[in-house]
Amino acid sequence: MPDLVKKVTSKDFIAMKANGEKIAMLTAYDYLTASVFDKAGLDSILVGDSASNVMQGNANTIPITVDEMIIYARSVARACKHSFVLCDMPFGSYQISKVDAMANAVRIMKETGADGLKIEGGEEYVDTIECIIRAGIPVCGHLGLTPQSVKAFGGYGVRAKDDAEAEKLLRDVKLLENAGCFAIVLEKIPAALAARAAAAVKIPIIGIGAGVDVDGQVLVGQDMLGVDPSFHPKFVRTYANLNKIMTEAVQAFSADVKAKTFPNENESY
Ligand code: KIV
């Protein structure tokens, strides 16, 4: 499978859109999971700040730090021979000042081996995003439901349902393209609006809860693998039931230990 060993680049994202090839992206936060995704030929792995929820059990993405993101991203990047590794800049790492944002962006790139960074927000952060891109770092934007603003939004509802927010989103999409972003994630917005955004720019729009008429899709890996049956928003399709598989495996192990049938002779020295 010679194609699988070619590393996907930010330029490939734009070429894929031009060629009509959809981009598949999942989140991962650890080496072994990233190895499986990479070997499966996934285009891109997002080391999302959703690690705050998924790996740490926090209620939102606000608490996760640059230091913590670096540990997750470094582990994922080590595994990826093929998949483009995109790392989230966490809350507080780019909002304070351009200088601070540059320092954090450079640090994440130097210490992780990630291939690019994702930053939430449009007009408000476009100057900062431009500086980071000027330093040679590929940046993916993120608009719509930007989870770092959950406290301002008052929840995780669908964004840009009214005309004013929809128009701002379309303006922000163009601003981010002009700033040099290589892609934009659009989260939880009406499908028709996402389709308009995708048609308006040459860079790929990666949707999550944004309908099918965009240039790619991203999901949280644990969500699509069915690790947490209590979390199933409408936009998630579950492709496996890892919760069931893991629960049954743990129960079988426990039973074997208690019955003294594990380890057997072949499993002993
Ligand atoms: O952190 C994350 O997982 C994300 C995706 C939801 C796009 O930003």
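Before I place any residue, I should say that helices, with at least four residues, and strands, with at least two, are DSSP runs numbered from the N terminus. With that naming in hand, and keeping in mind that what you see above is a predicted model, we can start with Lys-161, which lies in the loop between α7 (150–153) and α8. Is Lys-161 buried or exposed? Its relative accessibility is 65%, and because exposed means over 50%, Lys-161 counts as exposed. If you look for Ile-133 as well, you will find that it is 28 residues from Lys-161 along the chain, and that the C-alpha atoms of the two are separated by 30 Å.

Let me turn now to the aromatic rings. A pair of aromatic rings is described by the distance of the centres and the angle of the planes. The structure holds 6 aromatic pairs, and I will take you through two of them. In one, the rings of Tyr-29 and Tyr-72 have centres 6.4 Å apart and planes at 75 degrees, and since planes over 60 degrees apart count as edge-to-face, that is the name for this pair. The two partners come from distant parts of the chain, 43 residues apart, with Tyr-29 in the loop between β1 (23–27) and α2 (31–39) and Tyr-72 in helix α4 (residues 66–79). Both Tyr-29 and Tyr-72 are buried.

The other pair joins Phe-84 and Phe-182, and here the arrangement is tilted, with 5.2 Å from centre to centre and 55 degrees between the planes. Which parts of the chain does this pair tie together? Phe-84 lies in strand β3 (residues 84–88), whereas Phe-182 lies in the loop between α8 (163–179) and β6 (183–187), so the contact bridges parts that are 98 residues apart in sequence. Phe-84 is buried at 1% relative accessibility, and Phe-182 is buried too, with a relative accessible area of 4%. Ring pairs also bring in Phe-13, which belongs with Phe-84 and Phe-182 to a cluster. Another kind of ring contact appears at Phe-153, where the charged end of Arg-159 sits over the ring, 3.8 Å from its centre.

Next comes the ligand. Among the residues that surround it are Thr-27, Gly-48, Ser-50, His-142, Glu-187 and Val-220, and the shell as a whole has 4 nonpolar, 4 polar and 4 charged residues. Three side chains deserve a slower look, each with a polar atom by an oxygen atom of the ligand: for Asp-49 the distance is 3.0 Å, for Asp-88 it is 3.1 Å, and for Lys-118 it is 2.8 Å. On its own the ligand has 260 Å² of accessible area, and the protein covers 96% of that.

I will finish with the backbone. Most residues other than glycine have a negative phi, and most peptide bonds are trans. Where, then, does a cis peptide bond occur? One joins Phe-262 and Pro-263, with omega at about -5 degrees, and Pro-263 lies in the segment after α11 (242–258). In that segment after α11 we also find Lys-260, which has a positive phi of about 60 degrees although it is not a glycine, and which is exposed, with a relative accessible area of 73%. Lys-188, in the loop between β6 and α9 (191–200), has a positive phi as well, near 50 degrees, but Lys-188 is partly exposed, with a relative accessible area of 22%.

Definitions and conventions: Residues numbered from 1 in each chain as written. Predicted model: local features only at pLDDT ≥ 70, side-chain atom pairs only at ≥ 80, totals over all residues. Heavy atoms only, no water. Phe/Tyr/Trp six-rings, centres within 6.5 Å; stacked < 30°, edge-to-face > 60°. Buried < 20%, exposed > 50% of the residue type's maximum accessible area, 1.4 Å probe, protein only. Lys NZ or Arg CZ within 6 Å of the ring centre and 35° of its normal. Near = heavy atom within 4 Å. Polar contact = N/O pair within 3.5 Å; in protein donor to acceptor, adjacent residues only side chain to side chain. Areas by Shrake-Rupley, 256 points an atom, 1.4 Å probe, with all protein chains shown as cover. Nonpolar A, V, L, I, M, F, W, Y, C, P; charged D, E, K, R; others polar.
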